[in-house]
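This report covers the fold and the packing of the model shown below. The sheet comes first, followed by the helices, the nonpolar core and a group of charged side chains.

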Amino acid sequence: MPQYITTNKAWAFPIRFISSRSGPTMVSSHERIQQALALLLKTQLGERPFHTDYGSDIGQYVFGQLDLMALSQLKEQMATVIQAHETRIRLQEINFDSSEVVQGRLHIDITYELLEDGEEYQLRLPFTLNQP
């Protein structure tokens, strides 16, 4: 009977090939989840025809005023979306770094526990704002 080696590696997304000999670029579970979270939050809600509940509506905040109320709503919406669609993690915290808002950038810091290994990780997502 053949023995299989598990490496906890998966294909990177988007799929990339460095060379025909090396095969697809592989990533760890932690990196794969970070890619999945970024994709989930950057996908417009309803964008996928057969998975209309996949994605988020965070794009609605691009043109709006980012006051404390808007940031609170954004945080709540992101937490709901992540908890509904990413079952491989336990969401710990979502924070915002608004030090570059004047330049049109908001950084979103997502802290989560990977259930597979119990380790805590952080993902920083840049969010580009359209300044009026």
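Strand 4 and strand 5 run antiparallel and are joined by nine bridges. In this predicted model, Ile108 has Leu125 of strand 5 as its bridge partner, and Arg105 is bridged to Thr128, also in strand 5. The two strands form a hairpin, with five residues between them. In the turn, Gly118 has a positive phi of about 75°.

On the strand 3 side, the pairing of strand 4 is again antiparallel, over eight bridges. Here Leu91 has Tyr112 of strand 4 as its bridge partner. Together the three strands make an open sheet in the order 3-4-5, with antiparallel pairing. Strand 3 and strand 5 are the edge strands, each pairing on one side only. From one strand to the next, the twist averages 20°. Helix 2 packs on this sheet and touches strand 3 and strand 4, and its direction makes about 155° with that of strand 3. Strand 4 is mostly covered, nine of its ten residues being buried.

The sheet belongs to a protein chain with two helices and five strands. Read from the N terminus, the order of elements is β-β-α-α-β-β-β. The chain has 132 residues, of which 36% count as buried. Among contacts between residues at least 6 apart in sequence, 35% join residues at least 24 apart.

The two helices are set out below.

| Helix | Number of residues | Span, first to last C-alpha | Expected span |
|---|---|---|---|
| Helix 1 (29-42) | 14 residues | 20 Å | 20 Å |
| Helix 2 | 18 residues | 26 Å | 26 Å |

The span of helix 1 is close to the value expected at 1.5 Å a residue, and the span of helix 2 is likewise close to its expected value. The buried residues of helix 1 include Ile33, Leu37, Leu40 and Leu41, along with the polar residues Ser29, Gln34 and Gln35. In helix 2 the buried residues are Ala70, Leu71, Leu74, Gln77, Met78, Ala79, Val81 and Ile82. These buried residues of helix 2 pack against helix 1, strand 3 and strand 4.

Which residues touch the most other members of the largest nonpolar core? They are Leu41, Met78, Ile82, Ile94, Ile110 and Phe127, in a core of 29 residues. At least two residues of this core come from each of helix 1, helix 2 (68-85), strand 3 (89-97), strand 4 (105-114) and strand 5 (120-128). Helix 2 gives the largest share, seven residues.

Leu41, which is buried in helix 1, shows how these elements meet. Leaving out residues up to four places away in sequence, Leu41 touches Ser56, Ile58, Met78, Val81, Ile82, Ile110 and Leu125. Among these partners, Met78, Val81 and Ile82 are buried residues of helix 2, and Leu125 is the bridge partner of Ile108.

The sheet also carries charged residues. Asp109 is found in strand 4. Is Asp109 buried or exposed? Asp109 counts as buried because its relative accessibility is 10%, below the 20% cut-off for buried residues. Its side chain makes a polar contact of 2.7 Å with the side chain of Arg124. Beyond its neighbours within four places in sequence, Asp109 is in contact with Glu93, Ile94, Asn95, Asp97, Gln122, Leu123 and Arg124.

Asp97, one of these contacts of Asp109, lies in strand 3. With a relative accessible area of 21%, Asp97 is partly exposed. Residues up to four places away in sequence aside, Asp97 touches Leu106, His107, Asp109 and Arg124. Arg124 is 27 residues from Asp97 along the chain, and their C-alpha atoms are separated by 9.5 Å. The side chain of Asp97 is also joined to that of Ser99 by a polar contact of 2.8 Å.

Arg124 is thus listed among the contacts of Asp109 and among those of Asp97. For Asp109, the link to Arg124 includes the side-chain polar contact of 2.7 Å.

Definitions and conventions: Residues numbered from 1 in each chain as written. Predicted model: local features only at pLDDT ≥ 70, side-chain atom pairs only at ≥ 80, totals over all residues. Heavy atoms only, no water. Helix = DSSP H or I, 4+ residues; strand = E, 2+ residues; numbered from the N terminus. Expected span 1.5 Å × (residues − 1). Buried < 20%, exposed > 50% of the residue type's maximum accessible area, 1.4 Å probe, protein only. Core = buried A, V, L, I, M, F, W, Y, C linked by side-chain atoms within 4.5 Å. Contact = heavy atoms within 4.5 Å. Pairing = 2+ DSSP bridges. Axes fitted to C-alpha atoms, helices over the stretch in contact; angles between N-to-C directions. Polar contact = N/O pair within 3.5 Å; in protein donor to acceptor, adjacent residues only side chain to side chain.
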